[in-house]
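This report describes two parts of one protein structure. Please look over the sequence and the structure before reading on.

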Amino acid sequence: MASLRQLVFIEHPNVIFPLVATTLALPALSPRPALVPLTLLVATLLVYSRIVTPRPHAPRTIFVALVGVSLASTISHLLPSIHALSSPISSILSLWIISSISSFIAFGAILSDRFSLHVSTPWAKITFFPAIWASVWQLIAHISPVGHLVTWSPVTGIEGYDWIRPSFGAWGINWLVGASAVIVAECVGVWFIGPGEEFESDGPLIPNLASDNELQPSKPVPTRGSRHTLLLSLTVLGLAIPSFFLPTVPNLTWSAASTPLSVGCVLPHSPHVDGTPTLDAFIEESKQHNNAHILLWPEGALRFENSEQRDAAFEKVRENVQGPLVGVTFIEPVPASAGWEHSREGKWRNGLVLVGSDGPVAEFYKRNLVPIAESFSMTESRKEPEMYELHATRRNKKWTPVPPYNRPIPLTAAICLDFSSPTLFTSLDSRPALILAPAQTWHHDVSMAVWEQARARAEEAGSMVLFCDGGSHGASGVAGQGMREPVQFGSGSWTRTIGVQWPFNGRRSMYMWGGETLSFVIVWSILGGGWAIEFLALRRIRGGGGGGFAVSAPGFRALFDRVRAYIRERRRPPPPAQGEQQPLLI
């Protein structure tokens, strides 16, 4: 083992670091990142950043690793992205730029862990990186035009932490990645030091390296106490406990405590060469499923040249599709009557209108446009999502097994890339029972990436999402509240009955209520609260002297013993003054 440590960490880290990072990045940075591969990648970068940074050729080594990780990310997304733009070359170039920017941000966040060396308490040292990691990626999700799709945030493999999403949103998931990576890095650091090593109470976990093969005279010393690492490990494991005792399962479709709701996607097979079904095709397909309560068409199903065409199409849908509420999707030029002052003349917009028996009842427009492909020709909506209540009628008593038969179902909607926004539904005053999500993607992996984002936003809101992708290999189905897998891929209409809680509790989830502010405060309170407790307790024990002091990971038992000794000491009469006393070094 000693020879392996010598090889990996001392003799050839400049070669092994980029190689291992690039290899791990291939599965970790796929279109649907998973928790375990991503954690291993971040932990590897953490470990080697502590080893490589003090070396003479650190910038070159880190740059090679950065290029390797960017290349691996590009390869992972190559097939689904090669036809994203008008030409493969422009698609690959854009993908490389996006991957490089994301990797650069990730490396910057990881290198910022060096600042934790200047923190005086062990708990603050060990929780510094998770707070930075969560904050950086949440900020990037706000700035980036594609939101969470470019962040190093896992969307799969987090079933044991499902409850975190409605409580803390992506903040909690990203903090979990950072904390897990720190735990793995600390364990690797202990293995690097080896058993029986003597070390000081202060300093870097990995020793500084003067050259590629020589150690500096200083001994390897840890910055974080093993007991604090154990405490952080127990915290990460403890966060999985609620999912075992309170699992998220779908509501029964037919019970006194639920309302059965039949929903479906209208995805007709197109006989046309260009693969675009006509209005009549969508109407005929919808008529075959008129027993459903809600039918949703895929994104951009129709194209209107003016408002007259649009109104005529809505009237035709109303007359021919009796019974269900139909989500008609379309693109159209922005009319002057819309009052979109931010839109330039000639721009189009991407919309969804709910058409019922009385005509249009609600409308929604796309807020996040696909860069280049849509952003040049279309205008985004700046209107926050709104709620619409679907009501049953007494004439259809199959709506519910028991009275009352008039049960309102609150709905809202967003379109495709809108779901990458971290605060999509935090402006709503109440929780929706169902979110409508039309989409139109060009590759199976892209569709699944958007599907996971839609499922994440639904789980954050404590809701469900009806996802309908009109792509040739697009996913469609219902996600949220324990439902994770699509119903089907590709064309072919379908319906499914889901259960909606009754009486429906419209109270917002913790994340919807508190938004970004509450999650930010909680993430940084984990660091600041522990730092304050350790700082104040130890400072008071040492007699309230000023200046900095060294902390050696005392642990809870040692801290308790010191507090008890301090109390006993305070009860004794003070000794006669004999000059200035030196402060106690802890």
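## Nonpolar patch and sheet

Helix α4 contributes the most to the nonpolar patch, with 5 residues. The model is predicted: local features need pLDDT of at least 70 and side-chain atom pairs count only at pLDDT 80 or more, while totals for chains, interfaces and linings use all residues. Residues are numbered from 1 along each chain as its sequence is written, and side-chain values use heavy atoms, without hydrogens and water.

The patch covers about 880 Å² of surface, and among its residues are L26, F63, W96 and I101. Patch residues have over 30% relative accessible area and no salt bridge; nonpolar side chains (Val, Leu, Ile, Met, Phe, Trp, Tyr) are joined within 5 Å, and like charges within 9 Å. A salt bridge is a side-chain nitrogen of Lys or Arg within 4 Å of a carboxyl oxygen of Asp or Glu. Areas come from the Shrake-Rupley method with a 1.4 Å probe, and for residues only the protein chains shown count as cover.

The helices named for the patch residues are listed here.

| Helix | Residues | Link to the patch |
|---|---|---|
| α4 | 58-76 | at least two residues |
| α6 | 88-111 | at least two residues |
| α2 | 13-28 | holds L26 |

Elsewhere, an open sheet of 6 strands runs in the order β7-β8-β9-β10-β11-β12, with mixed pairing. Strands β7 (388-390) and β12 (488-489) are at the edges with a single partner strand each, so one side of each has no neighbour in the sheet. Strands are DSSP runs (E, at least two residues), as are helices (H or I, at least four), numbered from the N terminus; two strands pair if DSSP finds at least two bridges between them. Strands β10 (residues 464-469) and β11 (residues 475-479) pair in the antiparallel sense over 4 bridges.
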